[in-house]
Amino acid sequence: MKNINKNSMEKNLEKQYLILVLPGLIIFTIGLIIPLLLAFRYSFTSWDGMSAEKPFVGLKNYIDLIQDSDFRSAWWFTIKFTIGNTIIQNVLALGFAIALDSGIKAQKIYRTAFFVPCLISALIVGFVWLKMFSNVLPAVNDLLGTNINFLLFGDGKTVLSGLLIANNWQWVGYWMLIYLAGLQSIPGDLYEAAKVDGAGAWTRFRNVTLPMLAPAITICVVGITTGSLKVYDLLVSSTKGGPGRASTSVIYQTYTTAINGRQYGYGSAMSVSLVLVLLLVALIQVKGLKSKEVQQ
Amino acid sequence: MKRKLISLILGTTMIAAALTGCGGSGQADNNAPAEAPAEGGDAQEPAAPEADGAGTSEEVTLTVLAGQSTTDAGIEDMIDAALAEQYPNITLEWECVDWGNDFQPKMQQYMQSGLPDIMIGKAQDVATYAPQGILGEIDATYLDRGLDAARENVTIDGKTYGLVYNALYQGVYYNKTMFAENGWEIPKTQEDLQAIIDDCKAKGITPFASHMVDTWSIGNVTMQFMMNDVFNNDPTWGDKFRAGEVSFAEDKMAQTAYQYNKLIFDNTYPETFSTEQTDCDAKMVLGEAAMKVSGSWSIQNFLDIDESFDFGIFPFPNQSGDSKLIFEPNITVMTSANSEHQDAINCVLDVLTGNQDLAVEIYDYTKTASMLKDVTPTFTNPSQSDIDKYAADGMIVDVTLGNNQLVWGGFQEENAKDIAAWLQGDASFEDALAASDARVDASSAN
Amino acid sequence: MAWGKKKQKEDTPHQRYTKTTFLIQILMSVMAVFFIAPILIIINYSFKTKKELYLTSPLSLPSSFQLDNYKKAFDKLNLATTFTNTLLYTAVSVLILALLCGTTAWAIARCRAKFFKFCYIYFIIGILIPYQALFLPIYIIGYRLNLTNTRYGIIFMYVATGISFGVFLMNSFMSTVPIELEEAARIDGCSVLRTYFTVVMPLLKPAMATLIIMQAFQIWNDYLLASLYVSKKDLKTLTVAIQSLFSAQSSDYTTAMAAIVISVLPIAILFMSLQKYFIKGMTVGAVKG
C-alpha cells in the first residue's frame, strides 16, 4: 500500500519535472536537431542548394569525400590547429591562473587585461591580427631596428602559428578565469599538509593542484578542442583560408563547397562527417578525463 | 504553470518586439526625405510608366537585395531620395550585403522562401539565376535607355533579365608621372613590359603593386589574363573546356595566362601575401610601385589618398600584342518573376534609367563608367583619356564573356587558391593546372 | 567582492610576497601589455584620419583628437536602431536562457528516470553541432515556421543554440544545491515549480550570472544567425552592420575601428560590473564540473 503510494507520487513528480524539461526540448529540437537531420538527408543528394529537385545519389557524396584531397588537407589543418590550441591554451591559461593566484598585487587588473580580448567577436579578432601582422608589428621592427619576420599570415608555413597567436590571444583569458576559480577554491590546508610532509613546489603542484583542478581541466580541454575543430569566423576576416589553401578549416571548406561551389548535397556530407568526429572526440575526452577525476 | 510562465514571457517579448518594430520603421521613413537632393529634375522628369498612373498612390513597399562592393555602399540612399521625389508612394526596403561573400548565400536562402522584388548583383549573376526560371524579363522601355553593349551578356534565348547600370574597367593602372620621368612607353607586347620591369629593377623601383592576401584579386587578374590570351583567340574556350576538347594541362595559352601570375609575383614586393588592397593602393599612390593590375574599384582609394594622383590604364600585354582593355558590367538590376508589384518595380527601373541627375550622382560617387545613353559622369578620372583611346580603337572586351563560361564561385575562385599555393611553392604548376581541370564540373553555373 | 576571500588567503604563508612573486609580477605585466596592445592599437586607429592611416606609422598617435570616425560609424551602422536591436535580442534571449536552462538542468539532475538521462546527452550533442555548416536547413526551418525576419524568431534561435551549453553548465552546478532543502519544501506542500523558484533558484544565482555573461557576449557578437534571420534594415544587429564595413573591397578602416570600439564597450562594461558574480559562479562550476 505504502509502496504504491510512493510510486504514484514519484510518477506525479516525474510528470511535473517533465513539464519543466519539455519547452527547452522542443525549442532545441526545432532549432538545431531538425536542421541537422535535414542536412543528413541532403547529404545523400546532389542538390545544388537552389533548384527545386534534389536528386538522390546514395552514398556517392561520402565516397567522394574520402577521395577529396582538398577536404583531407582541410582536416589536416584543423587537426593541427586543434592540437596546437588545446596544448598552448591549457598550458598558458593554467600558467596565468597560477601566476595570478601566487599573491601578486592588482590581480584584478591583470584578470581584466587577459579577459577583454574574448569579448571581441572572432570576426574582428581576425581582422585586428591581420593588421597587427602586416602593419603594426613591422612598424615595431622599424622602431627597434630589428628584422623579425612578422608576416605570419603571408606564408603557408607560418600561417598556422599566426592563427594560433590570434586565437590564443582571444581565448586564454577566458579559460584562465576557469582555472583561477578552480585554484581559489582549493583549501589552503591541503598545501600546508603537503608542506609538512616535506613536498617541494613541483610535488605540491602535481599531487595537490592538478588533482583538485581535474573538473576544471575537463571543461577546458573539451571546450577548447570542440571550439577549435569548429574554427571559421576567425579565418573569414583574416586569411580567408589562404595563402592557397594553407589555412582552410573543415567548416571553411564545407561552407565554400556548399555555397560558393553550389554543391549543397556534398557540403552537407562534409558537415555530417564533422558532427560525427566532434561527437566521437567529445565522448572519448569526457570518458577519459572523467575516469581520471574518479581515480583521484 | 511553468509553461504558462514561458508563454507569458514569449508573449511579452513578441509584443515588445512588435512595438519596437513599429518605432524602428517610422524612424527610417523620417530619414529618407531629409536627404533628398534639392535639384530634382522637374524639367526632365520622364513619363511615368503607363500602368502606374498618378491615380494609383497606393503605398507599396518593395524588397531589394543588393550585393555590393564597398564602392557601391551608399548608393541606396541616393536611390531612395530620388524615388521619394518621383514616386513617393513606393518605399524600398534594402538589404545590402557584400557581393563576394554574401550574395550567393542570400540568393540560395531566398530561393527557398521567395525572392525579393529587386535584386542587384553583377552581370554574371544573370547566367546563374535566369536558367532557374526565377528572374523577370526587363521591359524594353528601360533597356532602350541603356547602351546596347549593356544587353549582350544578360540576354538568354533572346530575353533580357538584367539591367546593367554601370561598368568598371580593368587592366594595368600605371603611375603617369613615373612613366614620364623614366621615359617608359605604354607596353604593347610582353617584351615591352619586360623592358620596363628590367628598368624598374635597375632603378630600385618595385614594378608591380599587388595584394595577394586577397584570393579574389588573384582570381580577378587571372581572368584578365585569360581574356586576352585565351578568349581573345577562342571566344568559346570555356564551352570547349567542358566538352573535353581543351584542358589546362594541355592548352599552352591557358598556361601562359596562369604563368603571368608568376611574373607579377616575382616582380612585386615580398609581403604581397600579407598586403591588403588598401595598403597596396596606398603604396601605388606613394610611388613605391610603378604599376598595378586592377580595376576601377581602386580609383576611389587612389583619389582618397591623394586627389592629385595622376594615373592611366592599359591592358596587360598578351603574347600576340593585341590586348584589349577589359570592361566589366557591374551593377546589374534583376527582378523577381513572381513579384506582385511589377508596376512598382517598373517605377523603380524608370527612376534608375530616367533620372540623369541620380545616375551622374551614382557614377561620381562610385567612380565608375556610365552604361546609360547620354549620361557622362563628372568626376575627374585621370585614366579616362586612356579609356577613350581604347574605346575609339574598338580595343575593349566584355569580361562577362569569360565569366559566363567559367563561373566565379566554385571555379575561378577555387583555381585562384591553387595558383596561390603554386606561387607560394606549396604546389607545383602542374598540380595547379590539374586541379583546375578536375574542377570542370563546377565551371558552369548550371 | 571576491577580494574578501582573497585577503584571507594572502595571510597564509603560501601566499607571501617574495622575490619569486615579484618576478612573476613583472612577467605578468609584460604579458598584460601584450594582451592589451592590440586593443590600444584599435583605439588609436579609431581616432586617425584616413590619410594618417596610410601616411603615418601605425604606432604614431593621431595628430589631433577628432571624433569624425565615431560620427561616421554612428551613421553608417545606423547605430540607434542596430544597438537597440542587439541589446533587445541579447537581453531577452539571455533571460529566457537563464530561466529555461535552470529548470531544465534541475529537472534532469533530480529525476532518475532513463528519459532524463537521455535528455542530458541529447542536449549535450548541441554543443558539438557546427551550426555554421547547417545554415541552409536552419533557414528553411525558420522560414517554414514564419520565424525569419521577426524579433521573436531570432530570439528563438538564440535560445535553441544556447540551451545546450546552458544545460551543461547549470547541470554541473546542481550538486551544490542541497537536496535536503528541496525535500523540506516539498514536505511543506510546495509544488515542484514553487520549490524551484523559492528554494533552488536563489541558490543558483552565481551559476545564472555565469550563464548570462557567457551567453550574452556570444549573442552580442553573433554574426551568422543574425544575418540569416534578421535581414531587414530595422531588425539588423550591430555585428551584421559592422561586417559590411569589412567586406572585400572595403577601404574605410578608420570607421571600422571606431565601430569596433563602439560595439565592444557595452559588453565590456557588463563584464566588469558583473565580474564578481562571474568569478564566484566560475568557482563553484570549476570545482563541481
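Here are three short exercises, with worked solutions, on a predicted model.

**Exercise 1: the build of chain A**
Work out how many helices and strands chain A has, and set its radius of gyration beside that of a compact globule.

*Solution.*
Step 1: Go through the secondary structure of chain A, and you get 11 helices and 0 strands. Written along the sequence, that's α-α-α-α-α-α-α-α-α-α-α.
Step 2: Take the globule value for 296 residues, which is near 19 Å, and put the 24 Å of chain A next to it.
Step 3: Check the box around the C-alpha atoms of chain A: roughly 90 × 75 × 30 Å along the principal axes.
Step 4: Count a residue as buried when 20 or more other C-beta atoms lie within 10 Å of its own. By that rule, 50% of the residues of chain A are buried.

**Exercise 2: chain A meets chain C**
Find which helix of chain A gives the most to the side that touches chain C.

*Solution.*
Step 1: Start with the whole contact: 73 residues of chain A against 76 of chain C.
Step 2: Sort chain A's side by helix, and α1 (residues 2-42) gives the most, with 19 residues.
Step 3: Now sort that side of chain A by residue type: 51 nonpolar, 18 polar and 4 charged.

**Exercise 3: two domains in chain C**
Describe how domain 1 and domain 2 of chain C touch.

*Solution.*
Step 1: Mark out domain 1 (19-66) and domain 2 (78-288) in chain C. Their centres are 32 Å apart, taken over C-alpha atoms.
Step 2: Count the contact residues: 8 from domain 1 of chain C and 6 from domain 2.
Step 3: Look at domain 1's side, where α2(C) gives the most, with 4 residues.

Conventions. Residues are numbered from 1 along each chain as its sequence is written. Chains are lettered from A and ligands numbered from 1 in the order in which they are written. This is a predicted model: local features need pLDDT of at least 70, side-chain atom pairs count only at pLDDT 80 or more; totals for chains, interfaces and linings use all residues. Two residues are in contact if their C-beta atoms, placed from the backbone, lie within 7 Å. Helices (H or I, at least four residues) and strands (E, at least two) are DSSP runs, numbered from the N terminus. Ala, Val, Leu, Ile, Met, Phe, Trp, Tyr, Cys and Pro count as nonpolar, Asp, Glu, Lys and Arg as charged, and the others, Gly among them, as polar. The radius of gyration is taken over C-alpha atoms; the globule rule is 2.2 Å times the number of residues to the power 0.38. A residue is buried if 20 or more other C-beta atoms lie within 10 Å of its own, exposed if 12 or fewer, and partly exposed in between; C-beta atoms are placed from the backbone. Domain bounds come from an automatic or database domain assignment.
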